[in-house]
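Please study the sequence and the structure shown below. The paragraphs that follow lead through its sheet first and then through its nonpolar cores.

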Amino acid sequence: MKVDGDRELLGVMRKIVETFPRNGCERTHRVLTGPEAFGGWKVNIKRVHRIWKEEHMQVPQKQRKRRRLPGSSANGCVRHRAQYRNHVWSYDFLTERTEDGRQLRILVVIDEFTRECLAIEVARSFTARDVIMTLQYLFAVRGAPEYLRSDNGPEFVAKEIQEWLARACVRTLYIQKASPWENGYVESFNGRLRDELLDRELFLSLPEARVVLDQWRMDYNHRRPHGGLKWMTPAAFVAGLDDTASGVVPAAARGVSPVGATPLPPTHHADCSTTLS
């Protein structure tokens, strides 16, 4: 019975320490025996001290400072969090190389709420128009998001893409410079992509990279369980959403069709002059 009592007391002590991490043994005892939320215990200070030492609960002298929220920008993923499908998308670039040393640039687009990878486009280089073509295709087959989060890369802040997004009624969320943690969802995705594929594959050519990356995207969406979705795949998570969470209601409320919504596959060699004027 004494062991069970110690176990129960230890649980309450741990809750106190989590709430007041700089409290020592004596102050924790005062909270235990006081009238506050954790109070009401009739326990001797010696018993509390014994458990305190046995469980190594001593307060460390040194402690690391932590941010209350990652970054101070109102456009960061913590302060402006996705609430439903097609609420917030984010996109970013990664860099890789083929066997001959030539650069590959990889554009990834994700839905922050469903964690779906909507596109992985690969090319030797990208312009703002190339980014627009990818977004135009996604808007046509999926619908436009309300917000698009990105860093301040030249392709994302170009006047051409800002004007195009404005006409499509999509608002931009530019994170602070040198603050990649504010775009945490896509940065986390990039880490998984690099760890699970890019660091393990040697691409011989651009066409090979496109095929391999697109296959990985399909596996990611349909076969890979995601910890942030209670270990469901993104596709299974989307299938279980109701109308509000799936973005049906917010999208209908906007009543605005995306600009140039023609489902033209995004190829980097097509003539884009008629896509948008």
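In what order do the 5 strands of the open sheet lie? In this predicted model, the order is S3-S2-S1-S4-S5, and the pairing is mixed. Strands of a sheet pair through backbone hydrogen bonds, either parallel or antiparallel. Strand S3 (117-123) and strand S5 (171-174) each have a single partner strand, so they stand at the edges, and one side of each is left without a neighbour in the sheet. From one strand to the next, the twist averages 20 degrees.

One pairing may now be examined in detail. Strand S1 (residues 88-97) and strand S2 (residues 103-111) run antiparallel and are joined by 9 bridges. Leu94, for instance, has Ile106 in S2 as its bridge partner. A helix also meets this part of the sheet: helix H8 (residues 206-222) lies across S2 and S3, and its direction makes an angle of about 170 degrees with S3.

The next topic is the nonpolar interior. The largest nonpolar core contains 25 residues, and Tyr91, Leu107, Val109, Leu135, Phe139, Ile161 and Leu165 are those with the most contacts inside it. At least two residues of this core come from each of S1, S2, S3, helix H4 (128-142) and helix H6 (159-167). H4 supplies the largest share, 6 residues. Leu107 illustrates how such a residue is surrounded: leaving aside residues up to four places away in sequence, Leu107 touches Tyr91, Asp92, Phe93, Ala119, Ile120, Glu121, Phe126, Val131, Thr134 and Phe156. Another core, of 21 residues, lies apart from the largest one and includes Val108, Ile110, Phe203 and Tyr220.

Note on methods. Residues numbered from 1 in each chain as written. Predicted model: local features only at pLDDT ≥ 70, side-chain atom pairs only at ≥ 80, totals over all residues. Heavy atoms only, no water. Pairing = 2+ DSSP bridges. Helix = DSSP H or I, 4+ residues; strand = E, 2+ residues; numbered from the N terminus. Axes fitted to C-alpha atoms, helices over the stretch in contact; angles between N-to-C directions. Contact = heavy atoms within 4.5 Å. Core = buried A, V, L, I, M, F, W, Y, C linked by side-chain atoms within 4.5 Å. Buried < 20%, exposed > 50% of the residue type's maximum accessible area, 1.4 Å probe, protein only.
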